[in-house]
Structure formats: C-alpha cells, structure tokens
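Colleague: Please take a close look at one part of this model, namely the charged side chains that meet one another and the elements that carry them. I would then like to see how that part sits within the whole chain.

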Amino acid sequence: MLTLLQKMVQEDPTRSDSWRLIGRIYQKQGDTAQAKKAFERALQEQADNIAAHSDLGDLLSDLGQSEAAAAHYSAVMSLGPESSYAAELSKRGFGNTGSSNAPSMADSTTIDEDELNSINLIGYEIQTFDGADDLDRILDVIESDTTTPTDRFRAVFEVGTLYNTNLSLTPISRSLRTGDGASAQLFISPSLEWIAFDNGRMRVGPLGRGYFTFNESNFDSLNLASFQPGLFVERDFEWADHPLIGRVDYVYSTDFLGGDHFGDRHSVTASLTAILPDSDAIYSYFTTSFADFTEDGVTPSVESLDGPAYTAGVSRFFTTESKWIPAWSLGADLEHAATRGADFRYSAANLHTDVTIQLNEKLSLIPKAGVGYRHYPDFTGAVDRDETTWRVGARLRWQCTKLFSVSAIVGYDRFASDNEEFDTDRTEAGIVFTFTH
C-alpha cells in the first residue's frame, strides 16, 4: 500500500490525504522522521486538512514536543470545532480555549501499534456495490425449490482468471479509495448448501461459501481468503394462488489478507420470493450485518469501519416470449452503514438491470448496468466525498452442459466524487468456469 500511495503522489503531488496516509504508514513502522515529513507535506498541500493536523499533533506529542503539538490541536479546534477530531481532543483534555498543554498519549486510552494502520483492504472480488451479484445464486435456489430435487445438495463452484486494474477498490471494507494496484488474479469461489431436513414444505441445513484470490507476486500481500459458514431455513407458502418461498440465512465470515486475520462479519438475511403465473419472479430481501475489524485507526470515532449495516432490496425477473431476449431483470436496493467511524458512515440507493440475449442454443450474452448514489453525512474531510456510482459489464456464456459453463466477462465500476481521494474506478476482465448442481 505504501508503494501504491507513493506512486499516486508522484503522479499528483497535491494529494493531501495521500500524503497523510503515507505518514500514517511510516508512523506505524516506527519511522517518525518520515512520518513527520509526510504529515507536513499534507498540510503544505492543504492547510485546512483537519485530519493531518490531528495526526501531526499526535506524533509531536509522542515525541515530547508539546508546544508544537498544541499548535496543531488548536488548528483542529479552530477549523473543525464540530468535527469528530475536535470531540476526541476534548475527551482527552484539550479544551476549545486552545490550552497550551497538549494532551499526551498517556492521557488517552493506550493505542496499540497495530491500531496505527488506518488502511483496511478486503474483498476486491468480482462483486458489485449493490445487490446484483446475488441474483444468479437466487435464481439457482428458485429453480431448485420449484423442481423435484434429485438430492439434498446445492452447489455452485466458480474458478477463473481476471485482470483487475484497482486492487484497492474494496466493497466489503466500505473503503473506496483511488489506487493503481493492477494485477492478474486467480480466484476460487465455492458455494455449497446441504438440505439436512426436508418435509416437503420446509428445508433446513448448513451452508458454506468462500472467496479466495491469488495475485501476482508483487501483490501477494493482498491475497484474500474469506471463509463463510452459515445456516439457512426455507419454507413454502401460498398467497392469492401464488407460490411463495420464505428464507432466512445466517452467515459468519472471517477474512484474511496476505495470511493475516483482519476482520469478522455476521449477517442475517430474510427474503421472500414470489413465483408469478407468467413464470416471472419477484425477490425481496432485508439484510442486517455487523463488521468487526482488527484495526480501528488512531481515532476510532473517525476511522473505524466497525459497526452494523442494513440493506433492503427488491428485484423483478421478467420472462418474455422472444427467442432472442428470453429474460431480463430490474432491481433496486437501499443501504445504510452505521459505522463507528464518521468517515465511513453512509446511506446509499442503487438501481441495477441485466438482459439475457440468446445468441444460439448454448451461447448467451448478458449485459449488465447499474447506477447509485452514496451520501456520507458525517465525513470529516474538507471536501465532500459523496459518490455517484456507475457500473457496466457483460458476460458471454457458453453453456457446455446443463451443469457446466464457461464465460468471458468484462466489467467497469466508476465512483465519481468531488473529493479526488475517493474519485476512482476499476476495470475487470477474464475467464470464469462455473459448475452448478
């Protein structure tokens, strides 16, 4: 990550927040001289960068330079009296009057060395930032539930190679940052469910999912391993002569980056699928989740990614009588992440759609698109970081057998923000092999 940030400031030396993050990394490594230079450069590029004033003040306080630290703490109180940084200083005894006695680290809760790392990278897998990526799995469940099962197992296993132009774009961590970390990737994504109990109307059993990536050697520290065991309960209903499938999932996720454990997540999803007489389907869901990362940053009230998130959505699957366009879908999602850290707290709305174009009996083209908006009401930076999200992509799928397919995929994600530190994009392209049972 230090290499990526240094490359960014070489290309654009005016990136104040990037200089600040460089300082944070040097500080974690114990190189206080380089950290001080980086923080000072951040302030040289943006004198009203409250976070950089706070970080430099903490560093100077650690070095015993209390008067110099007090000057930066006073700048924090003056520039952002309502900010989380000012609130943290007040808790530590630095009043709004600009006391000359800078709070020392001993005056606050002891901060472990690991907590000095404010960069959290996780989950740069093939996934969008809305509910669209779950739709294929949902359709597989619907098909399984509306046909006579041959056995009690459901399985989807994907393996493939990708080229990813931005490894630092990380939906799971809620950290959408710019970056140049481009790499070829091998990924493996298994998903398995076992129906342990089935009385004809209710099905109960364990599930297991995962996502694993292997990058080029110079980016192997970003190799991801995500283990996701869980349980599910399904029940069939009827309403107004329409078959309904109710389902509740619990999934526990534990995640590793470069072999190091860095976070756990719990999620519960309640969903309802309605099968309509014309073979259309309506899928609605509500998910509540909680993330607990091993590192919370120097100022958790600003930088921590811990906390709950809530997502609700509905998707409609349409079937047609057209030979060339047999199906398409349209969906909408609402999301709120109530993170402990103010910089990552947001609300979002998304729309997404796809169309199946049947080129011949086995070959289909599935273009996809989406648009959304993320609002960060409590962001502490000087420039607003609200983001408009755009997504386009396509999958060219060859259905080799009923159970096995191979696809060429391409996708582009764009996050447009007035804050250049969060204005970013990502392109992915590759080959995916899929086994479905």
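**Salt bridges around one glutamate**

Modeller: E234 is joined to R203 by a salt bridge whose closest N and O atoms lie 2.7 Å apart; the term stands for a side-chain nitrogen of Lys or Arg within 4 Å of a carboxyl oxygen of Asp or Glu. The two partners come from distant parts of the chain, 31 residues apart, with E234 in strand β7 and R203 in strand β6 (residues 202-215). Strands (E, at least two residues) and helices (H or I, at least four) are DSSP runs, numbered from the N terminus.

The model is predicted: local features need pLDDT of at least 70 and side-chain atom pairs count only at pLDDT 80 or more, whereas totals for chains, interfaces and linings use all residues. Residues are numbered from 1 along each chain as its sequence is written, and side-chain values use heavy atoms, with hydrogens and water left out.

E234 counts as buried because its relative accessibility is 0%; buried means under 20% relative accessible area, exposed over 50%, and partly exposed in between, with a 1.4 Å probe and protein chains only. R203 likewise counts as buried, at 6% relative accessibility.

E234 also meets the side chain of R154 in a salt bridge, at 3.0 Å from N to O. Here strand β7 is linked to strand β1 (residues 153-164), which holds R154, across 80 residues of the chain. Both E234 and R154 are buried. A wider network of salt bridges links R154, E193, R203, R209, E234, D236, R247 and D249.

Strand β1 carries a further partner: E158 forms a salt bridge with R395, at 4.0 Å from N to O. R395 belongs to strand β15 (residues 387-398), and the pair is 237 residues apart. R395 is classed as buried because its relative accessible area is 14%, and E158 because its value is 18%. A search of the whole structure finds 21 salt bridges.

Strand β7 (residues 224-239), the carrier of E234, pairs with strand β8 (residues 242-257) in the antiparallel sense over 14 bridges; two strands pair if DSSP finds at least two bridges between them. Among these bridges, E238 has P243 of β8 as its partner. The hairpin of β7 and β8 has 2 residues between the strands, and A240 takes a positive phi near 55° there. On β8, strand β9 (residues 260-275) is also joined by 14 bridges, again antiparallel, with Y252 partnered by H266 of β9. In the hairpin of β8 and β9, also with 2 residues between the strands, G258 has a positive phi near 60°.

Elsewhere, the largest nonpolar core has 25 residues, and I22, L56, V76, Y85, L89 and F94 have the most contacts inside it. Such a core is a set of buried Ala, Val, Leu, Ile, Met, Phe, Trp, Tyr and Cys residues joined through side-chain atoms within 4.5 Å. Helices α2 (16-29), α3 (32-45), α4 (50-62), α5 (66-79) and α6 (84-91) each supply at least two of its residues, and α4 gives the largest share, 6 residues. Another core lies apart from it and has 15 residues, including L222, F293, L305 and F344.

For the chain as a whole, there are 8 helices and 17 strands, and 50% of the 437 residues count as buried.
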